[in-house]
Every structure is written in C-alpha cells, then in structure tokens.
Amino acid sequence: MKLEKKNLKVAADTSPKDIKATITGKYAVSKKYILSAIDELGKIAKDDTVAKEAIANLGVVLFDLD
C-alpha cells in the first residue's frame, strides 16, 4: 500500500477530542477506540512505515462504520 502525502487544512477549533465527543450511533464506542488507536499510532508514525499503514487501514474501517 502506498501512502500519498497531501496538504490538508484543519479548522483551528477542531481537535481529535472534539471529534470523539460528537460521535454517536450504534458504533460510537468502536469508533472512539479506533480513534484512540489512531492517536497512539500517530505518536510513532513519523519514523514507522507499519504505523502509517495501520493508521490508513484504521481510517478505512472508521469510514466503513459510518
């Protein structure tokens, strides 16, 4: 899997904690755990290809749950 770096802009008032607070629905708990895993992997992803791929995979799972 090849990852492409894109310049994405995030609103200044948006943070992962804000996103976690607004998750609702029957998959809410699962989504919160996936976001937590992404947060933790993000801490080491700068130098770790496996972590980068795992973040991408978790992102796909997160979107599938919507």
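Tutor: Before we begin, a definition for the helix pair: axes are lines fitted to C-alpha atoms, and the angles between them run from 0 to 180 degrees between N-to-C directions. Please keep in mind throughout that this is a predicted model.

Student: Which pattern does the protein follow when read along the sequence?

Tutor: The secondary structure comes to three helices and zero strands, and of the 66 residues of the protein, 17% count as buried. Read along the sequence, the pattern is therefore written with helix symbols alone, as α-α-α.

Student: Which residues of H2 are buried, and what arc do they cover around the axis?

Tutor: Helix H2 runs over residues 28–42 and reaches 21 Å from its first C-alpha to its last, close to the 21 Å expected at 1.5 Å a residue. Its buried residues are Ala 28, Lys 31, Ile 34, Leu 35 and Ile 38. They lie on the same side of H2, because the arc they cover around the axis is only 125°.

Student: Which exposed residues does the face of H2 turned away from its buried side carry?

Tutor: Exposed here means over 50% relative accessible area. On the face of H2 turned away from the buried side, the residues that count as exposed are Val 29 and Tyr 33.

Student: Is Lys 43 buried or exposed, and with which side chain does its own side chain make a polar contact?

Tutor: Lys 43 has its place in the loop between H2 and helix H3 (49–64). Its relative accessible area is 62%, and since the cut-off for exposed is over 50%, Lys 43 is exposed. The side chain of Lys 43 nevertheless makes a polar contact, at 2.9 Å, with the side chain of Glu 40.

Student: Within what arc do the buried residues of H3 fall, seen down its axis?

Tutor: H3 has 16 residues and reaches 23 Å from its first C-alpha to its last, close to the 22 Å expected at 1.5 Å a residue. Its buried residues are Ala 51, Gly 59 and Leu 62, whereas Thr 49, Val 50 and Asp 64 are exposed on the other side of the helix. The buried residues line one face of H3, because seen down the axis they fall within an arc of 85°.

Student: How are H2 and H3 oriented to each other, and what is the handedness of their crossing?

Tutor: The axes of H2 and H3 come within 9 Å and cross at roughly 160°. Because angles over 145 degrees count as roughly antiparallel, H2 is roughly antiparallel to H3. As for handedness, the crossing of H2 and H3 is left-handed.

Note on methods:
Residues numbered from 1 in each chain as written. Predicted model: local features only at pLDDT ≥ 70, side-chain atom pairs only at ≥ 80, totals over all residues. Heavy atoms only, no water. Helix = DSSP H or I, 4+ residues; strand = E, 2+ residues; numbered from the N terminus. Expected span 1.5 Å × (residues − 1). Buried < 20%, exposed > 50% of the residue type's maximum accessible area, 1.4 Å probe, protein only. Arc of directions from axis to C-beta. Polar contact = N/O pair within 3.5 Å; in protein donor to acceptor, adjacent residues only side chain to side chain. Parallel < 35°, antiparallel > 145°, perpendicular 65-115°, else oblique. Left-handed = near helix turned anticlockwise from the far one by under 90°.
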